[in-house]
Amino acid sequence: MTGTECQIAFGPYTATVTSRGAALRNLRNQDRDLVVGFGPDGGIPDYRGVICAPWPNRLADGTYSYLGTSYSAPVNEPERKAALHGLVTDLRWDVEEAGPSSVTLTCRIEASPAYPGSLTLTVRYLLSENGLRSTVHARNTGTVPAPYGVCPHPYLVAGPSPLDAWQLELPAAEYLDVTPDRLLPVGMRTVEDHSFDFRNPRRLGAVRIDHAFTGLTRNSSGMACVRVHDPAGTGVELEWGPEWPWVQVHTADKPVGPDRLGLAVEPMTCPPDAFNSGPDLIHLQPGGTHSGSWTIRAC
């Protein structure tokens with residue numbers, strides 16, 4: 001699937017946003033990649049840079065009940081029998097505004113056997129001296145309440161060294177343990193004395209992560225931040241606000257194909273399978289809205 005592409009720039013930063021999944025196709029600071037990109041045509045590998053809504057991560061068996069009605073979404077991760085990353089990653093979004101340093105895209109979700117509500121989603125990408133600030137906004141344009149969750153899906157790139165050599169700072173005290181086969185939630189665990197404890201920056205090494213984290217340490221403005229640094233001296237950080245109480249981190253381990261190319265850092269409004277389990281699930285009433293922002297910058 002091809003789509004409209006918009007190039008934006010400000011100072012040392014450049015980015016390309018595509019209407020395919022409203023995805024961030026690339027982001028650079030001078031000549032350095034800050035995210036793992038993808039080509040101008042065809043599919044988007046590994047959901048790189050897309051917007052995941054109206055749920056992030058996995059929905060077990062693609063099924064759930066909401067206000068007494070059962071729904072069934074397409075299973076697009078057959079090996080784990082899950083509906084992955086919502087309903088809009090394969091859509092072509094409309095470009096509503098495109099300028100030298102910003103672009104805004106929209107799409108609609110209509111009520112269906114997979115989802116009770118009708119939503120309008122808007123995402124804005126804005127480059128400044130502070131990096132790339134992105135905001136996703138949802139409005140319930142239907143007549144019934146609708147469950148909602150969202151996350152962006154960038155893979156950060158610290159520098160030219162292998163991911164194993166990067167230093168990670170992840171300010172999270174808890175993680176959601178998952179089943180080894182389907183990566184479905186089991187229960188909360190502390191990172192204390194665990195290989196997932198990166199509250200003090202340290203080398204990633206061979207640790208494999210594909211988990212949701214919470215219990216986030218935030219600054220006085222309510223912001224949390226994940227940072228990765230390369231031994232070569234470069235780095236990148238992703239910062240997000242209190243509207244995202246979770247973050248999924250994935251070391252991009254793959255059984256086949258290019259392995260550990262970057263570190264997925266995905267602020268999430270709710271944990272995996274929240275349509276079934278309920279924690280931090282947003283209930284958008286008719287006319288109700290939700291917005292969340294995040295920033296990626298060189299550091």
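These legends accompany close-up views of a predicted model.

**View 1. Nine strands line up in an open sheet.** Let's begin with the strand order, which reads E10-E11-E12-E13-E27-E23-E22-E17-E20, with antiparallel pairing. The edges belong to strand E10 (94–98) and strand E20 (202–203), each of which pairs on one side only. As a general reminder, strands of a sheet pair through backbone hydrogen bonds, either parallel or antiparallel.

**View 2. Strands E11 and E12 run antiparallel.** Here strand E11 covers residues 102–109 and strand E12 covers residues 119–128, and eight bridges join them. One pair to look for is isoleucine 109 with its bridge partner in E12, leucine 119.

**View 3. A single cavity of 30 Å³ or more is found in the structure.** This cavity holds about 50 Å³ of space. Two elements give two or more residues to its lining, namely strand E13 (131–140) and strand E27 (289–298). Among the lining residues you will find Leu24, Val50, Tyr125, Leu132, Ser134, His153, Trp294 and Ile296. By class, the lining comprises nine nonpolar and three polar residues, with no charged ones.

**View 4. The largest pocket encloses about 670 Å³ of space.** Which residues come closest to the centre of this pocket? They are Arg58, Arg80, Asp210, His250 and Asp253, out of 31 that line the pocket. Charged residues do feature in this lining: 11 are charged, alongside 12 nonpolar and eight polar. For comparison, the lining of the largest cavity has no charged residues.

Methods. Residues numbered from 1 in each chain as written. Predicted model: local features only at pLDDT ≥ 70, side-chain atom pairs only at ≥ 80, totals over all residues. Heavy atoms only, no water. Pairing = 2+ DSSP bridges. Helix = DSSP H or I, 4+ residues; strand = E, 2+ residues; numbered from the N terminus. 1 Å grid on protein atoms, 1.4 Å probe; cavity = no way out; pocket = protein on both sides within 12 Å on 5 of 7 lines; lining within 4 Å. Points joined across faces, edges and corners; volume = space filled by probe spheres on them. Nonpolar A, V, L, I, M, F, W, Y, C, P; charged D, E, K, R; others polar.
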